[in-house]
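Work through the exercises below with the model open. Try each task before reading its solution.

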Amino acid sequence: MEGLWLAALSGLIGGGALLVGAAVAWYVDIPQRIVAGIMAVGAGVLISTLAFELVEEAAADGGLVPTTVGFLGGAILYIVADQLISRRSKRAAAAPPQIDASSVTGYSDGSEVSASIVARRAGAQAVSGAGLVIAVGALIDGIPESIVMGLSVLQGGISIPIVAAIAISNFPEGLGSTAALKRGGSSGRYVALLWSGIALITVVASVLGYVAFQSASPNLIALITTIAAGGLLAMVCNTMIPEAFDEQHALTGLWATIGFLAAFLLHELA
């Protein structure tokens, strides 16, 4: 029973970081450059955690074959999902929905509504849609991340480096998505329900990772762990580092190095 609660706590910490990021974005106007710096640190933490906590242990416990297959498979799965999400995001940004001028509140005659009002409302819907796409991406990332946290409990309790890495990477996701949703005119109630639901799913996934794989063979656990690890590495390379570099430029490498070193020290001292 203790392991069950530890798995739930791990998922709550990881999912809670999404909620904290969303709350900060809703109530505080944080410069994008600071968000990018946090993201770069999170990328370094995740890379270190993947190397020392996930892939290395999976290879030691389950062997090279399931580790290799899972790692490549996870990267491919994430890339496919990422491409599908990215296409939706690009369509939302490039082709905002058309709004009938006569549908704008306060006007019965469409000719009386200026084109700028219609354009602003269309742009707001596009921004809001892009924010929702980021939230869906966080959900896709969050499920395998949470399963890994549940599996780590099976291997000896809460893994502080893994939970810390996931929490650090989740914070800017909640931050960036909520900022876009807020600019797009989404209500506070909608944003709160959206992120609360995603956080709840991460807790459930963490518990399932603990319960479902208690009697699994080391090979299967290695496969599941490295599928998530491969997806996380692909996410770091495709999303976190490029987005951080857009704002931090040359400093991106320094922040990522600091994050990597911090996670490595946690691994060595834990």
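A nonpolar core is a set of buried Ala, Val, Leu, Ile, Met, Phe, Trp, Tyr and Cys residues joined through side-chain atoms within 4.5 Å. Buried means under 20% relative accessible area, exposed over 50%, and partly exposed in between, with a 1.4 Å probe and protein chains only. The model is predicted: local features need pLDDT of at least 70, side-chain atom pairs count only at pLDDT 80 or more, and totals for chains, interfaces and linings use all residues. Residues are numbered from 1 along each chain as its sequence is written, and side-chain values use heavy atoms, with hydrogens and water left out.

**Exercise 1. Dissect the largest nonpolar core.**

Step 1. The core holds 24 residues. Leu 46, Leu 54, Ile 162, Met 235 and Met 240 touch the most other members.

Step 2. Assign the members to helices (DSSP runs of H or I, at least four residues, numbered from the N terminus). At least two residues each come from helix 2 (32-62), helix 3 (64-94), helix 4 (115-154), helix 5 (160-183) and helix 7 (218-248). Helix 7 gives the largest share, eight residues.

Step 3. Look for another core. One of seven residues lies apart, and its members include Leu 18, Ala 22, Val 191 and Leu 194.

Step 4. List the partners of Leu 46, where contact means heavy atoms within 4.5 Å. Beyond four places in sequence, Leu 46 contacts Ala 165, Ile 166, Ser 169, Met 235, Val 236 and Met 240.

**Exercise 2. How do the axes of helix 7 and helix 8 cross?**

Step 1. Axes are lines fitted to C-alpha atoms, for helices over the stretch in contact; angles run from 0 to 180 degrees between N-to-C directions.

Step 2. The axes of helix 7 and helix 8 (residues 251-269) come within 8 Å and cross at roughly 130 degrees.

Step 3. Classify the angle: under 35 degrees is roughly parallel, over 145 roughly antiparallel, 65 to 115 roughly perpendicular, and the rest oblique. Helix 7 and helix 8 are therefore oblique to each other.

Step 4. Name the contact residues. Helix 7 brings Ile 241, Ala 244, Phe 245 and Gln 248, while helix 8 brings Leu 251, Thr 252 and Trp 255.

**Exercise 3. Is Thr 226 buried or exposed?**

Step 1. Locate Thr 226: it sits in helix 7.

Step 2. Its relative accessible area is 0%, so Thr 226 is buried.

Step 3. Find the residues around Thr 226. Leaving aside neighbours within four places in sequence, Thr 226 contacts Val 55, Ala 58, Pro 66, Thr 67, Gly 70 and Phe 71.

**Exercise 4. Summarise the chain.**

Step 1. Count elements: eight helices and zero strands.

Step 2. Of the 270 residues, 44% are buried.

Note on methods. Contact = heavy atoms within 4.5 Å.
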